[in-house]
Amino acid sequence: LDFVNYFIQRSYIWLGSQNFGMGISTFMGALPLHGIQYVLSILGVPYLDIQKVGLVFWFAAVAFSMYVSVRYFFKDSDQWIIRMLAVIFYSINFYIFLFWPIGSQTTLSAYPLLPLSFLIGYRFIDKDLSPLKAATYFNLAYFIFNGGGVGGFPLMGPVIIVISGLLLYQLTISFRKSYILDVIKLLFFSLILFIILNAYFLFPFLFSFTEQFNALVSQSGGIDGVINWTKFISRFDSYINLFRLQGDNIWYVKNSSYPNFFLTNPVFIVLSFVFVIFSYSNLLFNFTERIKKLLFFLIPISLVGIFFSAGAHDPLGFLYIFMLEHVPGFAAFRSGYYKFVPLIYFPYAILFGMAVYHITSKIKHNMRIFMQISFIIFIFGYHYPFFDNGNFLTVYKYPTMVKVPDYVTEFAGLRLPKDDE
């Protein structure tokens with residue numbers, strides 16, 4: 001509640017107010033996230049309004065990042081439906097819905113970085129950005145949308161895969177010495193800028209990296225505990241579920257509310273196939289060479305996303321377990337679904353918009369507009385739990401939207417208006 005003191009507290013590497021003292025260098029990267037709350041609090045904005053502003057900011061960041069990414073490829077006025085559907089679908093879906101009720105700033109901040117990273121990486125391989133500019137733009141984006149720094153590293157999995165995939169993709173298309181040299185420059189500039197912009201949390205963490213990482217793994221029961229957790233989380237992450245953008249463990253373990261409706265209602269079961277069918281139907285359409293290049297990256301990357309999101313689930317779960325056991329640091333990705341499923345939503349959002357555009361492009365103007373708007377309404381309707389206020393309350397006796405007792409604000413030394421209590 002005391003955003004000012006919380007921000008100041010997190011600017012140190014040692015926290016003496018919890019347990020008998022603990023190192024918090026892992027969480028120092030979240031300072032830019034808390035900086036928004038800090039500034040608003042200094043300006044005298046009531047704390048409840050500060051939280052509202054923060055959530056609005058993250059939602060706008062998600063929508064904006066997706067818009068600028070898609071607009072790079074589809075700028076024409078008649079392609080508005082591609083941009084609109086991509087933005088709506090990426091902003092309103094059941095993955096991101098997991099984190100809105102709890103206001104998870106780390107996840108919400110990492111989510112916009114994926115479209116921005118894709119845009120920067122694609123402009124680089126398109127020769128629209130020099131290595132220095134690409135490195136600068138990426139590091140500035142990461143500085144703001146860093147998922148909490150070191151603590152949010154597992155959230156960076158989709159970004160790492162997309163950037164690596166783009167660089168390798170271009171290499172398979174055109175193996176040139178000049179391109180390899182540009183990639184080396186990009187990596188060099190990125191490393192230098194990354195160290196400079198993130199030194200405030202990077203160096204304190206590196207001094208204790210081995211101890212902290214080993215401690216986190218040990219808290220999970222060692223590598224065996226990590227694998228057992230991954231198997232538990234991946235129980236319902238079959239490929240058929242992931243293709244339909246389902247597989248969230250919570251849906252099946254605690255399915256008394258809206259998840260049960262999606263899992264048992266025949267109409268919604270059929271509708272769950274709409275996104276995958278439309279997305280991959282793009283293989284049947286004719287595109288310009290430029291859009292073909294985009295298409296043949298998005299489809300494979302969605303399949304890569306499905307593999308990683310499936311975690312330890314058959315048929316290829318043994319590969320994921322192998323990486324947990326033998327790839328240093330990969331244990332950080334023990335919850336495959338929750339870390340990699342944005343790698344499915346991102347390409348699906350663009351592919352779905354592309355398919356709707358091409359399917360409706362041959363229809364007369366008035367009917368075309370009607371059908372395109374119908375698809376927008378369909379996304380909102382399919383994700384109706386977003387608009388049910390009851391889904392933002394856990395148990396009415398113990399709601400997440402709480403009334404803070406007076407003694408808490410008094411103890412914190414806050415003076416709040418009556419309406420915000």
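Helices in these legends are DSSP runs of at least four residues (H or I), numbered from the N terminus. The model shown is predicted.

**Figure 1. A cis peptide bond leads into Pro-315.** Here we look at the link from Asp-314 to Pro-315, a cis peptide bond with omega near 10°. Pro-315 sits in the loop between H18 and helix H19 (317-326).

**Figure 2. Asp-126 and Lys-293 join distant parts of the chain.** Asp-126 and Lys-293 form a salt bridge in which the closest N and O atoms are 3.7 Å apart. Asp-126 comes from the loop between helix H7 (113-125) and helix H8 (131-144), while Lys-293 belongs to helix H18 (residues 289-310), and 167 residues separate the two. How does each partner stand towards the surface, buried or partly exposed? Asp-126 is partly exposed, as its relative accessible area is 28%. Lys-293 has a value of 17%, so this lysine counts as buried, the limit being under 20%.

**Figure 3. Arg-123 and Asp-128 pair through their side chains.** This salt bridge has an N to O distance of 2.8 Å. Both partners are open to the outside in part: Asp-128 is partly exposed at 38% relative accessible area, and Arg-123 is partly exposed at 25%. Take a look at Lys-127 as well, which lies in the loop between H7 and H8. Its phi is near 65°, a positive value in a residue other than glycine. Lys-127 is exposed, with a relative accessible area of 61%.

**Figure 4. Glu-289 and Lys-292 form a salt bridge within helix H18.** Their side chains meet with 3.7 Å from N to O. The two residues are about one helical turn apart, because they lie 3 residues from each other in H18. Lys-292 is partly exposed at 30% relative accessibility, whereas Glu-289 is exposed at 61%. How many salt bridges does a search of the whole structure find? The search finds 3.

**Figure 5. The largest cavity has a mostly nonpolar lining.** There are 2 cavities of 30 Å³ or more in the model, and the largest holds about 70 Å³ of space. Its lining residues include Tyr-95, Thr-107, Ala-110, Tyr-111, Leu-114, Leu-155, Pro-158, Val-159, Lys-339 and Pro-342. Helix H6 (105-110) and helix H9 (157-173) are the elements that give two or more residues to this lining. By class, the lining has 8 nonpolar residues, 1 polar and 1 charged.

**Figure 6. Leu-245 helps to line the second largest cavity.** This cavity has a volume of about 40 Å³. Leu-245 shares the lining with Phe-94, Gln-246, Gly-247, Asp-248, Trp-251, Tyr-337 and Tyr-345. The classes present are 5 nonpolar, 2 polar and 1 charged. Leu-245 is found in the loop between helix H13 (239-243) and helix H14 (249-253). Its phi is near 65°, a positive value in a residue other than glycine. With a relative accessible area of 7%, Leu-245 is buried.

**Figure 7. Four nonpolar residues make a patch on the surface.** Leu-191, Ile-195, Phe-203 and Leu-206 form this patch, and together they offer about 350 Å² of accessible area. Leu-206 is part of helix H10 (residues 177-206). At 49% relative accessible area, Leu-206 counts as partly exposed, since only residues over 50% are called exposed.

How values were computed
Residues numbered from 1 in each chain as written. Predicted model: local features only at pLDDT ≥ 70, side-chain atom pairs only at ≥ 80, totals over all residues. Heavy atoms only, no water. 1 Å grid on protein atoms, 1.4 Å probe; cavity = no way out; pocket = protein on both sides within 12 Å on 5 of 7 lines; lining within 4 Å. Points joined across faces, edges and corners; volume = space filled by probe spheres on them. Nonpolar A, V, L, I, M, F, W, Y, C, P; charged D, E, K, R; others polar. Patch = residues over 30% accessible without salt bridge, like charges linked within 9 Å, V, L, I, M, F, W, Y side chains within 5 Å. Areas by Shrake-Rupley, 256 points an atom, 1.4 Å probe, with all protein chains shown as cover. Buried < 20%, exposed > 50% of the residue type's maximum accessible area, 1.4 Å probe, protein only.
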